[in-house]
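Subject: Structure handover

Hi,

Here is the structure for your set-up work. Please load it first, then read the notes below it.

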Amino acid sequence: GRISLRLPLFNDNAIVRVNVLVAGLVDPGQKLIDIRASLYDSRIVRYVIAGDMVFRMRWGDAPDFLFSLGGFHPRFQAPAGFPTLRRLSVSIGNDFGARLNVEGFLALTPNTLQLGVKATADVEVAEIFSAHGEVYVYGMITFSPFAFRLDFGVHFSLRRGSTNLLAVHVEGFIEGPGPWRIQGSASISVLFFEVSASFDLRFGAPAAPPAVTPPPDILALLVEALTDAKSWNAELADSARRVVSLGRVEGERTVLDPIGGLTV
């Protein structure tokens, strides 16, 4: 199907124009639900917005699911055959040689939460000087065993024609806990001079391996509970009146009124 939105409504010159193509698949034989959506010909004012979404769920002997708006963390290994998704993005430009692009993603899997954003800017002055800047932050949380990773980067360059006047690059990552680690590199160059350095810091004790607890025997516990007389109770509705008198019964037995109910 197709979803279209225009604001103001019924206006050919709408400020917001959103068009989404949606395709869904339900395959009981493969025990699969797969829904995909893509933005096309969409904009806010005159700024283009784009991106893809996927929801996939499997059930049966190997249940699994994936949900993604704009893709995954670069270090996440998507399943084989999984489509490559465009980042959710908005592109802003003007008539004076300045452009800004912002893109991001949000993803959820049974064992991870992933999100990130990246901004890129380009400025050109009279076709003589040009500047390029880029900043990104990508995060991924793993639930079991618990782990956290944050990738970051900053890049900036200033050029005159094809000559680099200034360039700065910083990138790295933070991960932990047990132990925490901060690793990365940085460099700066001015004309023909360049200085660079790298760092790798670790601190904190290694995480203890998770305790392995065997799963309980659910059936045995259920049978034990059902054979316990204390698990069974006779009840009478609040609006009902007894029609018989119940005598005492020896032993652990539950006596049920003919118009009563039984709870376990």
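**Ser 189 and its surroundings**

Leaving aside residues up to four places away in sequence, Ser 189 touches Leu 165, Leu 166, Ala 167 and Glu 194. Bear in mind that this is a predicted model. Ser 189 sits in strand β14. Is Ser 189 buried or exposed? Its relative accessible area is 15%. The cut-off for buried is under 20%, so Ser 189 counts as buried.

**Salt bridges**

How many salt bridges does a search of the whole structure find? The count is eight. Some of them are described here.

*Arg 86 and Asp 52.* These two residues form a salt bridge. Their closest N and O atoms are 3.0 Å apart. The pair links distant parts of the chain, with the two positions 34 residues apart in numbering. Arg 86 lies in the loop between β7 (64–69) and β8 (88–93). Asp 52 belongs to strand β6 (residues 52–58). The two ends differ in accessibility class: Arg 86 is partly exposed at 38%, whereas Asp 52 is buried at 10%.

*Arg 181 and Asp 200.* Here too the side chains meet in a salt bridge, at 3.0 Å from N to O. This pair also links distant parts of the chain, 19 residues apart. Arg 181 is in strand β14 (residues 180–190), the strand that holds Ser 189. Asp 200 is in strand β15 (residues 193–203). Arg 181 has a relative accessible area of 17%. That value falls under the 20% cut-off, so Arg 181 is buried. Asp 200, at 38%, is partly exposed.

*Asp 200 and Arg 202.* Which other salt bridge does Asp 200 make? Its side chain meets that of Arg 202, with an N to O distance of 3.9 Å. Salt bridges are counted within 4 Å, so this pair is included. Arg 202 is exposed, with a relative accessible area of 55%.

*A network.* Which residues are joined by salt bridges that share partners? Asp 34, Arg 36 and Arg 56 form one such network.

As background to the pairs above, side chains of opposite charge can pair when their charged atoms come close.

Best wishes

Note on methods. Residues are numbered from 1 along each chain as its sequence is written. This is a predicted model: local features need pLDDT of at least 70, side-chain atom pairs count only at pLDDT 80 or more; totals for chains, interfaces and linings use all residues. Side-chain values use heavy atoms; hydrogens and water are left out. Helices (H or I, at least four residues) and strands (E, at least two) are DSSP runs, numbered from the N terminus. Buried means under 20% relative accessible area, exposed over 50%, partly exposed in between (1.4 Å probe, protein chains only). Contact means heavy atoms within 4.5 Å.
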